[in-house]
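Let's take a walk through this one together. Have the sequence and the 3D view open, and we'll go from one piece to the next.

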There are 2 protein chains.
Amino acid sequence: MNIGDIANATGISAKMIRYYEDIGLIRPAMRTLSGYRVYSDNDLQTLRFVRRARDLGFTVKQIDDLLTLWRDRSRASADVKQIALGHVAALEKKMQELKDMSDTLLHLASHCQGNDRPDCPILKNLGSPDAVAPLPKTRDQRKTRAFDRAR
Amino acid sequence: MNIGDIANATGISAKMIRYYEDIGLIRPAMRTLSGYRVYSDNDLQTLRFVRRARDLGFTVKQIDDLLTLWRDRSRASADVKQIALGHVAALEKKMQELKDMSDTLLHLASHCQGNDRPDCPILKNLGSPDAVAPLPKTRDQRKTRAFDRAR
DNA sequence: CTTGACCTTCCTACAATGGGAAGGTGCACC
DNA sequence: GGTGCACCTTCCCATTGTAGGAAGGTCAAG
């Protein structure tokens with residue numbers, strides 16, 4: 001198989017496949033006499049693995065670790081689980097950050113008329129953080145309730 | 001104020017302040033005879049605005065738009081609200097993606113012993129996606145359902 | 001033998017940030 | 001008047017993962 005075939009079969013662009021080879025994530029492909037990369041079914045498997053891990057949001061470094069474990073038939077499942085759960089924790093942290101931003105913006109937007117008048121609490125807040133009451137930090141995660149109480 | 005003072009006062013690094021000037025997000029600062037950048041209270045305000053918008057996850061382009069609206073005393077609040085709510089939608093989309101990843105990983109991890117034996121459904125799944133049962137699609141993901149129906 | 005699809009390498013860019021080098025400036029202290 | 005140190009300047013490089021394009025070689029079908 002040529003690189004284009006593999007690209008189609010995995011959904012990873014030819015460009016990225018060369019890049020992954022370049023940075024050492026995957027092993028250099030065999031070449032024809034004229035220099036074309038040639039891929040085996042084994043390579044296809046590997047690239048599919050990479051694709052799925054990538055879709056799950058793993059970084060290249062993490063995928064590298066997972067690949068190593070994947071190839072190591074004597075690996076401990078605990079090692080894999082640890083990487084996976086560590087990644088889950090990172091995802092959750094990121095989600096919380098996004099949620100905080102989103103909550104703040106929704107709060108500000110709810111105080112904004114959204115008409116053709118110039119007055120806008122969103123801009124007021126950005127210009128000076130106390131123009132509109134900030135979202136309170138709650139001890140626990142009981143969002144809206146705690147919010148109402150705190151007002 | 002020198003750039004270091006402004007950096008301290010806003011929490012934006014001197015490096016980034018120069019960068020923002022370079023890409024045209026903020027106006028070039030005044031200079032002393034020897035070339036040092038000098039900032040006014042007005043500049044401080046602007047940089048604080050940028051800082052807050054950045055903390056809310058706006059891109060530089062969006063901050064640029066917000067700054068323009070901020071400076072335009074006759075802007076319509078609807079314009080601002082639209083940017084804010086558009087950004088909220090983007091944040092929510094991102095959160096959903098992260099949640100899907102996280103759910104998938106948690107599902108896989110729940111089937112993994114996490115001991116010193118090599119058997120691991122996480123790797124099995126990455127190598128071949130049907131090795132472990134996929135997450136069931138919940139009913140109220142209508143977008144996905146419409147897509148499924150269309151196949 | 002030409003044409004078009006495919007392949008090769010190499011360079012550029014993105015967004016937002018940090019690191020560092022090489023050199024100039026401001027100021028306080030002795 | 002020096003000396004030293006903190007700060008400033010510009011310029012270049014790296015990051016992460018991906019895409020675009022240029023210039024040129026290859027393959028297969030017509």
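Start with H5(A), a helix of 34 residues that spans 48 Å from its first C-alpha to its last, close to the 50 Å expected at 1.5 Å a residue. Keep in mind as you look that this is a predicted model.

Which residues of H5(A) are buried? Early in the helix you'll find A:Ser77, A:Val80, A:Lys81, A:Ala84, A:His87, A:Val88 and A:Leu91, and further along come A:Ser102, A:Thr104, A:Leu105, A:Leu108 and A:Ala109. What do they pack against? Within chain A, the partners of these buried residues are H4 and H6, and from chain B they are helix H5 (77-110) and helix H6 (121-127).

That brings us to the interface between the two protein chains. Here 48 residues of chain A are in contact with 48 residues of chain B. On the chain A side, at least two residues each come from helix H3 (41-55), helix H4 (60-71), helix H5 (77-110) and helix H6 (121-127). H5(A) makes the largest contribution to that side, with 21 residues. Sort the chain A side by class and you get 27 nonpolar, 11 polar and 10 charged residues.

Now turn to the DNA, beginning with strand C. There are 18 residues around it, and those that come nearest are A:Asn2, A:Gly4, A:Arg37, B:Thr59 and B:Val60. Helix H1 (3-10) and H2 of chain A, along with H2 of chain B, each give at least two residues to the surface near this strand. By class, that surface divides into six nonpolar, seven polar and five charged residues.

Next, DNA strand D. Of the 17 residues around it, the nearest are A:Thr59, A:Val60, B:Asn2, B:Gly4 and B:Arg37. The elements giving two or more residues to this surface are helix H2 (14-22) of chain A and, from chain B, helix H1 (3-10) and helix H2 (14-22). H2(A) gives the most, with three residues. The surface near strand D is made up of six nonpolar, seven polar and four charged residues.

One last stop: A:Leu33, which sits in the loop between strand E1 (30-31) and strand E2 (37-38) of chain A. Is A:Leu33 buried or exposed? A:Leu33 counts as exposed because just 5 other C-beta atoms lie within 10 Å, and the cut-off for exposed is 12 or fewer. For a sense of where the loop lies, the C-alpha atoms of A:Leu33 and A:Glu21 are 19 Å apart, with the two residues separated by 12 residues along the chain.

Definitions and conventions: Residues numbered from 1 in each chain as written. Chains lettered and ligands numbered in written order. Predicted model: local features only at pLDDT ≥ 70, side-chain atom pairs only at ≥ 80, totals over all residues. Near = placed C-beta within 6 Å. Helix = DSSP H or I, 4+ residues; strand = E, 2+ residues; numbered from the N terminus. Nonpolar A, V, L, I, M, F, W, Y, C, P; charged D, E, K, R; others polar. Contact = placed C-beta atoms within 7 Å. Expected span 1.5 Å × (residues − 1). Buried ≥ 20, exposed ≤ 12 C-beta atoms within 10 Å, placed from the backbone.
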